[in-house]
Amino acid sequence: MPVPVSVTNPGGSVSHASHAVAPVDSSSAGLFANLGSAAPPPPPSAVVAISSPETNTQQHVASAPAPMNEAGPLIKVTDLAYTYPDISGQPPPGAKPLIKGMNFELHAGERALLIGANGAGKTTLLKILGGKLMVPQHMVQVLGRPAFHDTGLTTSGLLNYVGGNWQREVAFAGFDCALGGDFPASRMIDNAARECADPSRKQRLMEALDVNPDWRMHQVSDGQRRRVQLVVGLLREFKVLLLDEITVDLDVLGRASLMRFLTEECRNRGACIIYATHIFDGLERWPSHIMYVARGELQSFNRLKDYPHLIDGSQTLVRMVDGWLRENRRIEKEIKAKELKEAPKEGGKEEYYLRNNGWAGGRLAASIAGDKMDDKKLTLV
Ligand SMILES: Nc1ncnc2c1ncn2[C@@H]1O[C@H](COP(=O)(O)OP(=O)(O)OP(=O)(O)O)[C@@H](O)[C@H]1O
């Protein structure tokens, strides 16, 4: 039976939508087909101790498995706000929040396409949802548990973030070194498969992504490395999956197989997926929801059925997003012009002094600005 859900937009208005799992649309059963219903609960996991950002105190430690809220939303975001900290661990004084006033919910079987311009905050949002960036506990609940503070969510694989390139930072060698070595893909995959309860899953994934277990990881192409990364990343049975532009290197067949696999995960296991991407072709009927972020806010969060022109094919997703981004660019220019107009005319523009002078661990070029360390602001003339 459909369950009513509230979807609050940043402007404060609340729209009530049925969150019954989207019906399978046989007409869309092509490369990126629609999805179906919920599934049995996965095993729960443990809660661990962590300090609270609000109180700076330790929360309780529980070794018993934490209960998983199956009936409610799998992802619940409430008044989410976030600003990146500087080297002091605190947001720079006067910094505007990168994300503000976000509210939304997603349920079992649903999958949302996350859309926004470069720098809009998609990766940041996914990292917050994926428990990689700390926010107060009530702001982001996954399976009814705080995404950052309940580390059992990620260690169990129930909450899974797959994003970025497979790279690592190597001290004195550099940042973003491609992950590789003279070993076969099967070694990485088999290691990850040990933690997967379903033995057939590895085979299904390898077939879907057409991965050759004998590929040597120092000789693979970018797309082949991406395929191995995806097999490893998707092996454990997630309940909530956050995908951050992981299809850039995939050819059209690899991408279609992946999207089909994800649809089946939602249909057969009641998983929930958020997928951030700039590649829209063929995705018109894949999502159940489309969410659009701009200027730090969730500008819209709607069900696919609210975009009939996408369903009937009279407009493509890329054309629709093109319109949104152009409008966003126009508004951003207006805001910038207004800010410039209101900026102090005499004495130059005030900017925050980069307190760590570009320092970052492991880089040979690391340096710390000595006598300027205490300066909070610098006047540029
Ligand atoms: N570690 C960080 N510290 C400070 N600011 C950051 C950090 N990471 C990202 N930002 C800033 O946050 C903003 C949003 O970045 P984010 O990576 O979330 O955008 P995005 O929407 O994923 O962009 P893209 O489409 O280009 O991947 C950008 O302006 C970026 O400069």
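Strand 13 is mostly covered, with 4 of its 5 residues buried. The model that shows this is a predicted one. Strand 13 covers residues 240–244, and its partner strand 14 covers residues 272–276. These two strands pair in the parallel sense over 5 bridges. At the end of strand 13, D244 stands opposite A276 in strand 14. Strand 13 also has strand 10 as a partner, and that pairing is parallel too, over 5 bridges. Here G163 stands opposite D244 in strand 13. D244 therefore has a residue opposite it in strand 14 and another in strand 10.Strands 13 and 14 belong to a wider arrangement. Strands of a sheet pair through backbone hydrogen bonds, either parallel or antiparallel. In this protein, 6 strands form an open sheet in the order 10-13-14-7-15-16, and the pairing is mixed. The edge strands are strand 10, residues 159–163, and strand 16, residues 297–303, each of which pairs on one side only. On average, and with direction ignored, neighbouring strands of this sheet are turned by 15° against each other.

Strand 7 lies between strand 14 and strand 15 in the order of the sheet. Strand 7 runs over residues 111–115, and 5 of its 5 residues are buried. The cover is found on both faces: R111, L113 and I115 are buried on one side, and A112 and L114 on the other. On one flank, strand 7 pairs with strand 14 in the parallel sense over 4 bridges, and L114 stands opposite A276. With strand 15, strand 7 again pairs in the parallel sense over 4 bridges. In that pairing I115 stands opposite Y292. A276 of strand 14 is thus a meeting point in the sheet, standing opposite D244 and opposite L114.

The ligand comes next. Around the ligand are the residues Y84, L98, G116, N118, G119, A120, G121, K122, T123 and T124. Sorted by class, this shell has 3 nonpolar, 6 polar and 1 charged residues.

The loops that join the strands can be followed in turn. E245 lies in the loop between strand 13 and helix 6, which covers residues 252–269. Most residues other than glycine have a negative phi, and most peptide bonds are trans. E245 has a phi near 40°, a positive value in a residue other than glycine. How buried or exposed is E245? E245 is partly exposed, because 17 other C-beta atoms lie within 10 Å, and a residue counts as buried only from 20 upwards and as exposed at 12 or fewer.

R295 can be read in the same manner. R295 is placed in the loop between strand 15 and strand 16. The phi of R295 is near 50°, again a positive value in a residue other than glycine. With 16 other C-beta atoms within 10 Å, R295 is partly exposed.

R285 sits in another loop, the one between strand 14 and strand 15, where strand 15 covers residues 289–294. R285 is buried, because 21 other C-beta atoms lie within 10 Å. From R285 to H218 the distance is 67 residues in sequence and 37 Å in space, C-alpha to C-alpha.

D198 is found in the loop between helix 3, residues 185–193, and helix 4, residues 199–208. D198 has 13 other C-beta atoms within 10 Å, so D198 is partly exposed. The C-alpha atoms of D198 and L235 are separated by 8.9 Å, although the two residues are 37 apart along the chain.

Helix 8 takes in residues 317–342. Does helix 8 lie largely in the open or under cover? Of its 26 residues, the number buried is 1, so helix 8 lies largely in the open. The length of helix 8 can be checked as well. At 1.5 Å a residue, its 26 residues should span 38 Å, and the end C-alpha atoms are 37 Å apart, which agrees.

Finally, the whole chain. The protein has 8 helices and 18 strands. Of its 381 residues, 34% count as buried. Among contacts between residues at least 6 apart in sequence, 68% join residues at least 24 apart.

Conventions. Residues numbered from 1 in each chain as written. Predicted model: local features only at pLDDT ≥ 70, side-chain atom pairs only at ≥ 80, totals over all residues. Pairing = 2+ DSSP bridges. Axes fitted to C-alpha atoms, helices over the stretch in contact; angles between N-to-C directions. Near = placed C-beta within 6 Å. Nonpolar A, V, L, I, M, F, W, Y, C, P; charged D, E, K, R; others polar. Expected span 1.5 Å × (residues − 1). Contact = placed C-beta atoms within 7 Å.
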